[in-house]
Amino acid sequence: MTDHATTPEPAAKEKVDTSVPASARIWNYWLGGKDNYPVDEAAGDAYAGAFPGIVTIARGSRAFLRRSIRHLVEVEGVRQFLDVGTGLPTADNTHQVAQRSAPDARIVYVDNDPMVLAHARALLYSSAEGATAYVDASLYDPENILEAAARTLDLTRPTALILSGILGHVADYDEARSIVQHLMSGLPSGSYLSINEGSRGTDPDYERAQDAYNETGAVPYFLRPVDQITGYFDGLDLIDPGVVSVPLWRPDGTEETEPKPIGQHGGLGRKP
């Protein structure tokens, strides 16, 4: 790969606090990444000790992301991606999966975690034909996200909005839905929404572990009922099989085990 960054190198001015565990770094640890600190590993190990299935959930979410991006590129013909709340880079990031099938794909990543910002250069490597950019912006400022994304993406053309494991950090469900609607309103007909989030109603052990984690003082993540996750797709045409537990969304036989439901649901919808 050649470095075809389409944004200037970000200046990581905000100090990374290594004394407090961060959700992006813990998630990276569960995925087998190395961009974390002992405090994150300790928190991740404690969570996994109470609920070992969290590693399966993290990896199931990542596998869903891979399959949905491949579907968008290879079946739907999408060549533009807006990945909001991208987290730390690890294996098979959005641009890697998309450009493997379509080297001309253009990707904009959005996050405002200072450690993600510090690793932004790792996200900016693109194929020579395509482009990859990073935007330091908050999920709570969708207008700014769209304005910044338009510097790299042509938002008059179909674009896939990816929200993977980020909406659960928004405590108020109506606010989370409003953010989704605002972002999708800035994308044209023929665009897509890809969401996968922690869910309630499938795994009580996961729910107890997450509720306990939220009470520790760490940045909370709120599991939501499947009907609320489905509600994010209101006004869109859901791609078959709809919103399901992520291992059951178009399994392709590449996973090591037989797909089984987990407490992580997702889907893909098209804007009419």
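**Exercise 1: around strand 9**

S194 stands opposite L268 in strand 9; starting there, work out which strand strand 5 pairs with, and in which sense.

*Solution.* First, the ground rules. This is a predicted model, where local features need pLDDT of at least 70, side-chain atom pairs count only at pLDDT 80 or more, and totals for chains, interfaces and linings use all residues. Residues are numbered from 1 along each chain as its sequence is written, and side-chain values use heavy atoms, leaving out hydrogens and water.

Step 1: strand 5 spans residues 192–200 and pairs with strand 9 in the antiparallel sense, over 7 bridges. Strands here are DSSP runs of E, at least two residues, while helices are H or I runs of at least four, both numbered from the N terminus. Two strands pair if DSSP finds at least two bridges between them.

Step 2: look for other partners. Strand 7 (residues 237–238) runs antiparallel to strand 9 with 2 bridges, and L238 sits opposite G269. Strand 8 (residues 244–245) is also antiparallel to strand 9, again with 2 bridges; there S245 faces H265.

Step 3: check the cover. Of the 7 residues in strand 9 (264–270), 6 are buried, where buried means under 20% relative accessible area, exposed over 50%, and partly exposed in between (1.4 Å probe, protein chains only).

**Exercise 2: the loops beside strand 8**

Find what is unusual about the backbone at P241 and at R250.

*Solution.* Step 1: P241 is in the loop between strand 7 and strand 8. The bond joining D240 to P241 is a cis peptide, with omega about 15 degrees.

Step 2: R250 belongs to the loop between strand 8 and strand 9. Its phi is positive, about 45 degrees, although R250 is not a glycine. Its relative accessible area is 36%, so R250 counts as partly exposed.

**Exercise 3: the cores**

Which residues touch the most other members of the largest nonpolar core?

*Solution.* Step 1: a nonpolar core is a set of buried Ala, Val, Leu, Ile, Met, Phe, Trp, Tyr and Cys residues joined through side-chain atoms within 4.5 Å. In soluble globular proteins, nonpolar side chains tend to be buried together.

Step 2: the largest core has 45 residues, and Y47, I54, I69 and F81 touch the most other members. Helix 3 (54–74) is among the elements that each supply at least two residues, and it gives the largest share, 8 residues.

Step 3: a second, separate core holds 33 residues, including V108, Y173, L193 and I195.

Step 4: zoom in on I54. Setting aside neighbours within four places in sequence, I54 contacts W30, Y47, A48 and Y206, contact being heavy atoms within 4.5 Å.

**Exercise 4: helix 3 against helix 4**

Describe how these two helices cross.

*Solution.* Step 1: two packed helices are described by the angle and the distance between their axes. Axes are lines fitted to C-alpha atoms, for helices over the stretch in contact, with angles from 0 to 180 degrees between N-to-C directions.

Step 2: the axes of helix 3 and helix 4 come within 9 Å and cross at roughly 35 degrees.

Step 3: the crossing is right-handed, meaning that the near helix is turned clockwise from the far one by less than a right angle (anticlockwise would be left-handed).

Step 4: L65, R66, I69, R70, V73 and E74 from helix 3 meet T94, V97, A98 and S101 from helix 4.
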